[in-house]
Amino acid sequence: MNGADSRVALEQALELSRELLAVAELGDVAAAVNLDAARLELLKSARETVRLTHMNDRALLQEIAQLNDKAIGCLEHHRRRKARDMDMASVGRRALIAYSPTRLQR
């Protein structure tokens, strides 16, 4: 892969990073995993020839890293929200079990 090919691979990885952030915001973990795997392959292929001294390549990599951090934050937020929902459901079940014998008998 030459320098131009690695630049194209980095641009494609950047586009996948944008898509990854979009699906992470929706909480679609399966799509995020698939996009991340495709992006990883592009980054691996570009790694050999990317010129880190070239400012455009560096800027692409920095934007990819920033989008990745945002996507991770979104997925963590969805994970915490799901855990909180599960905790609340568990509290509700325990309350139902605790108070069901005290219902008025008709």
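Helices (H or I, at least four residues) and strands (E, at least two) are DSSP runs, numbered from the N terminus. This is a predicted model, in which local features need pLDDT of at least 70, side-chain atom pairs count only at pLDDT 80 or more, and totals for chains, interfaces and linings use all residues. Residues are numbered from 1 along each chain as its sequence is written, and side-chain values use heavy atoms, with hydrogens and water left out.

**Exercise 1. The elements**

State how many helices and strands the protein has, and in what order the elements run.

Solution. Step 1: the protein has 3 helices and 0 strands. Step 2: read from the N terminus on, the order is α-α-α.

**Exercise 2. The setting of Asp57**

Find the helix that holds Asp57, decide whether Asp57 is buried or exposed, and give its C-alpha distance to Ser6.

Solution. Step 1: Asp57 belongs to helix 3, which covers residues 55–99. Step 2: the classes are buried (under 20% relative accessible area), exposed (over 50%) and partly exposed (in between), with a 1.4 Å probe and protein chains only. Step 3: Asp57 has a relative accessible area of 2%, so Asp57 is buried. Step 4: Ser6 is 51 residues away from Asp57 along the chain, and their C-alpha atoms are separated by 9.1 Å.

**Exercise 3. Salt bridges in helix 1**

Describe the salt bridges Arg7–Glu11 and Glu15–Arg18, with the exposure of each residue.

Solution. Step 1: a salt bridge is a side-chain nitrogen of Lys or Arg within 4 Å of a carboxyl oxygen of Asp or Glu. By this rule there are 5 salt bridges. Step 2: in the bridge between Arg7 and Glu11, the closest N and O atoms are 3.4 Å apart. Step 3: Arg7 and Glu11 are 4 residues apart in helix 1 (residues 3–26), so about one helical turn separates them. Step 4: Arg7 is partly exposed at 23%, and Glu11 is partly exposed at 37%. Step 5: Glu15 and Arg18 form a salt bridge at 3.6 Å, N to O. These two residues both lie in helix 1, 3 residues or about one turn apart. Step 6: Glu15, at 38%, is partly exposed, as is Arg18, at 37%. Step 7: a network of salt bridges links Glu15, Arg18 and Glu63.

**Exercise 4. Charges in helix 3**

Describe the salt bridge of Arg79 with Glu76, then name the residues of the positive patch that includes Arg84.

Solution. Step 1: the closest N and O atoms of Arg79 and Glu76 are 2.9 Å apart. Step 2: the two residues are 3 residues apart in helix 3, which means about one helical turn lies between them. Step 3: Arg79 is partly exposed at 49%, and Glu76 is partly exposed at 33%. Step 4: a patch joins like charges within 9 Å, from residues with over 30% relative accessible area and no salt bridge. Lys and Arg count as positive, and a charge is placed at NZ of Lys or CZ of Arg. Step 5: the surface patch of positive charge consists of Arg80, Arg81, Lys82 and Arg84. Step 6: Arg84 is found in helix 3 and is partly exposed at 46%.

**Exercise 5. The whole protein**

What share of the residues counts as buried, and what share of the contacts with a separation of 6 or more joins residues 24 or more positions apart?

Solution. Step 1: 23% of the 106 residues count as buried. Step 2: with contact taken as heavy atoms within 4.5 Å, the share for residues 24 or more positions apart is 74%.

Notes:
Patch = residues over 30% accessible without salt bridge, like charges linked within 9 Å, V, L, I, M, F, W, Y side chains within 5 Å. Areas by Shrake-Rupley, 256 points an atom, 1.4 Å probe, with all protein chains shown as cover.
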